[in-house]
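Here are some notes from going through this model, written as numbered points. Have the structure open while you read, since the points jump around the chain.

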Amino acid sequence: MEFRDHVYELLNTIDACQCFFNITVNFDFTKSFLDLIVTYASVIIMLSRIDDKKVLVGMYNCAHEMSNGNSEPSYPRLGQMFLEYEQPLKKLTEEFGPHTKVVTEALLSLQMVYPRRNLPVEQWRSAQLLSLLSAPAAMLSPACCDTMACEYLSMDVMERWIILGFLLCHSSLNTNAASQELWKMALRSGLYLTLIRDEVINIHKFSEDYFDGLKGYSKRVADIKECREHVVTNCGAIHREKRHFLRNAVKELYKILEDEPGLLGPKALFVFMALSFSRDEIGWLVRHSENVPKTKTPEDYVDSQIAELLFYMQRLRTLLAKHNSVIQRYHVMYLAQFDSLVINDTIQSMYVCPEEESVLMSSFISILSALSLKQVENGEEFDFKALRLDWLRLQAYTSVSKAALALKEYPDLAKIMNMTQFHTRLMDDIDGLLVEAADISILCYYPRVFEKMFTQGSEDVAMQRYLMAFPMACTHFNQSCHDMCPEEMEEIEKRSLKLCVTFLEEIARQTCTVVLEICAEQCNLNDQLLAKHCADTISRARNKKQKKQMPKKGEVQKEKPGTESQRKDRAIVTNMDRMHLTLSELCTAFSHYPDFTVFNHIVVPAEFLLSQLETRLTKTIVRMANYNQTTHEISRPSDLLAGIRAYTASLHSLSCYINIDMTRLVKCVLLQQTQPLDSQGGQTITTLYTNWYLEGLLRQASNAVIIHCPTMHCFMNQTIENERTFHAEEFSDIVEMQALAELLGPYGLKFLSENLMWHITSQVAELKKLVIENMDTLVQMRAKFDKPETMANLQKKLTGCENVLKRMTIIGVILSFRAMVQDSLGDACDLTRHCPFLMGPIECLRDFLPPDSDVKMTLSVYELASASGLPCDIDPVLVSAIASMRTDNSSSEEEYKLTCLLLVYIAVSLPVLSLDSNSFYSREYGGHQNNIHCLTTAVNQLSAAMFTVQRKNIEQHLKEFLLVASSTLLQLGQNSERLEAKNRESIYLLLHLIVEESPFLSQDMLESCFPYVLLRNSYREVYKTFIHTLG
């Protein structure tokens, strides 16, 4: 309401002073006047659109009365104002009746500007608009005209002035042919007019509804209908052609200025004209895309190539910011050596110059004449706001009717001052000029249209290199904020960031999809070269050499690897060609802007790509493992490793397209795969392979379905009739173990070892229970192991011998598998070659560790060596697992006693193994058919770990075990029953294997308690039964 009072007070003052308005003369004065009346009309029209305005104001008045005890003083006037403006145009035209003359005069001054700016595209082409190459001789000549500021004035703003201005002062449409022609030209420009942001009016419907109620305006209604038909029929195609022209013209302009930035000085006006024309066409498309009329060619309102226009607009803005010093150097000389002289000559030619105006104009000359090139070289900041304000003040002084100096009589002064104002803004307010000429913040209020434009552009391969223009457009949305409305800043910031992130994530997603598709294709090609596929090729070559029958014509022969690269015609485009083209286009988009700022948030586009690649690559690697929890199927580690290597090689080629650190990305992803869970909380290949080897391989090995084969250094399936789900040797040989170690790394193998130890500790806990159950018997057997008769009686009292041996065998199988993995870790990492200066000290610490060293120090050294893939006498992981089993209730003496008795339990139980037919030692496998050879690993490592925890002498207790075991086994030789002595020789060999693997025992110790001749005879006996076959 106060705004309304101030507007009418100012309009009455302008009428009283009989001000002169002409956009080509007093530009700032006329523009401010037209903005005033249009802004006021827009506010009133917007107010009329609020349905609940009366309710809101009434509630506010009630609240004011309840809190203050009286009504709001302005409430009656505001209520009356709402009633008066129920039909806003009717009331507005009544109020603007007295001001018709001055408004019409201001609007008619647009005749010199608007028709020229609204030329059809054919005239743009014939005039070679925005082209620097059309006149090479004039390339260095400064671009100037009589109406500098009008050249980048918004078409939307001018159309708003014309249409709303003539609606307010519609009487001139019937009396003035020029007014009518200008009005009809604006009506032919489009269907919708912006009131503010995304609030628009249908100009034809709005005007027609109003003129229908007025007498004598039937011709104007007919004009409106005619213009609307023209717009629906032609306007879409006209603007489509304009956008097509601008795409090429702006691109050409940018390429030339990028190559020769020195031309930014004389041709700066061209840049702002190009930005303004592009801004106008984008604004028109956005307004009409939201409200497409019923037409035969709706495709005219869709532009899948708008990304290119947005991109080159942004590049021109970047060019201006980058070469601002070039523009300043040029125009500081222009202002000092041309503009100041022309202004001086113009003033000298005036026959009337009042004192106040003379002071202002003299200050113009003195300020401009004092400029020098050194100011630019010294980096001084320029500020010509005072000069431009004085020029606006001078326009106001000289535009009233009784002014001594009438500006309209001196158009040359207006021309040079308007041009000088433009030049000064290039010196100190280039950002302000960009806001006026290239403001595309309207996109913030049309998110649906904006996202649709992005989607259409992303589907066109030729436009994908320009997609970064969409997130870059979000950097300008802060221009739509106003200091008088700070509360909306946060909402606009959220919307801008949301749009920016959405666009960047989609670009990154598309790029990531193409990259991974290329990687998958390369992985397939690499898979064809693996050794597992060579059998067919070798077979065909052998058949051909032996002249065997070739395949029939109907049979499809498998193509050799590499045939996909053979082509007779280069015009044939393969799927891989298309993917590489798409990838190069998308990566070009990332290369344009390393980073940019949106509302004080620094955005790095490449990080979005890295984030997407990390997430997608992690899922791809897990998917490549092909783990099926139901059927317990999984890919061989070597196959997965080959696939990952193919992916990694393809990913590194991405660095040729875009400057990102792919090595860091690959390391990050693969390092996550060595952990139980990735950064997103998903399963990794470490978890999958740990579960599979525990549940698939070792569980069957515990049941002797799969046997450990020391000769082949792997696990192998038993020859049984049941169908095998997988070949154990294909997942446990040296190659596969090395591949597994390389995939999981030290961290992953540590997790695997911890899971293995959990199973071992479970078995140890059960063994301790069995020892406790038979403790009395075991104590007696430990004391009287050298008395055969007593031992025979005690043996009958002993229970659970098979259970003990079974559990120890399971522990041995697990520890044998861990030993295979540990050996493979050393081979796979090969740290001795990669970092010898690191491995040398570690090996030295392990080898020369004093025997009397502290246990904690010893375990620390062994843990370091174990993580490096070096073998250790004592397994630090097993020691840690055994130590964690101790409870507060158990004493050290009890634990020590249980450990000693457990060794006795194992030793006296060994003869039971001879009853099992599968206890036969196989020369082929280097072990026993029921995996009891793994007992040797279990006894050595478990005893070493348990006595290390209890800080006891390992060697002494293993000697005791050797004595008890040899004494017990020697009883087998004296047993006349053939059944018990069936696999006696194979069981004897266990003692030799225990000593051979133990770092604490020697053959001399064994020979002192067990005759070597028995071992020799045992080896001869088991080798004698082995069947020799010749291939």
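1. Let's start with the inventory: the protein chain has 45 helices and eight strands, where helices (H or I, at least four residues) and strands (E, at least two) are DSSP runs, numbered from the N terminus. The radius of gyration is 46 Å, well over the 31 Å that the globule rule gives for 1031 residues, so the chain is more spread out than a compact globule. For that comparison, the radius is taken over C-alpha atoms, and the rule is 2.2 Å times the number of residues to the power 0.38. The C-alpha trace spans about 145 × 90 × 65 Å along its principal axes.

2. Some housekeeping before the details. This is a predicted model, in which local features need pLDDT of at least 70 and side-chain atom pairs count only at pLDDT 80 or more, while totals for chains, interfaces and linings use all residues. Residues are numbered from 1 along each chain as its sequence is written, and side-chain values use heavy atoms, with hydrogens and water left out.

3. On burial and packing: of the 1031 residues in the protein chain, 50% are buried (buried means under 20% relative accessible area, exposed over 50%, partly exposed in between, with a 1.4 Å probe and protein chains only). Take the contacts between residues at least 6 apart in sequence: 77% of them join residues at least 24 apart, a contact being heavy atoms within 4.5 Å.

4. As for the surface, the chain exposes about 49,700 Å², and carbon and sulfur atoms supply 53% of that; the areas come from the Shrake-Rupley method with a 1.4 Å probe, and for residues only the protein chains shown count as cover. Charges next: there are 102 positive and 127 negative side chains, with the centres of the two sets 6 Å apart. Lys and Arg count as positive and Asp and Glu as negative, leaving out His and the chain ends, and each charge is placed at NZ of Lys, CZ of Arg, CG of Asp or CD of Glu.

5. Side chains of opposite charge can pair when their charged atoms come close. The count here comes to 43 salt bridges, each a side-chain nitrogen of Lys or Arg within 4 Å of a carboxyl oxygen of Asp or Glu. One of them joins R77 and D5, with the closest N and O atoms 3.2 Å apart. R77 sits in helix α4 (residues 75–84) and D5 in helix α1 (residues 2–17), so this pair ties together parts that are 72 residues apart in sequence. Both ends are partly exposed: R77 at 45% relative accessibility and D5 at 31%.

6. Have a look at D300 and R240 too, whose side chains meet in a salt bridge at 2.4 Å, N to O. D300 is in the loop between α14 (268–290) and α15 (306–322), whereas R240 is in helix α13 (residues 218–259), and the pair links distant parts of the chain, 60 residues apart. The two ends differ in cover: D300 is buried at 3% relative accessible area, while R240 is partly exposed at 35%.

7. Two more items on charge. R279 pairs with its neighbour in sequence, D280, through closest N and O atoms 2.9 Å apart, and both residues are buried. Elsewhere, R4, E84, K91 and E95 are linked in a network of salt bridges.

8. Which residues does Q421 touch, not counting those up to four places away in sequence? They are D28, R388 and W391. Q421 itself is in helix α20 (residues 411–428) and counts as buried at 11% relative accessibility.

9. Backbone check: most residues other than glycine have a negative phi, and most peptide bonds are trans. N600 has a positive phi, near 70°; it lies in the loop between β3 (596–598) and β4 (601–603) and is exposed, at 77% relative accessible area. N626 also has a positive phi, about 55°, and is in the loop between α27 (605–624) and α28 (637–652).

10. Finally, I644 is in helix α28 and is buried at 7% relative accessible area. Leaving aside neighbours within four places in sequence, I644 is in contact with I621, M624, L670 and L743. Its C-alpha atom is 9.5 Å from that of T620, 24 residues apart along the chain.
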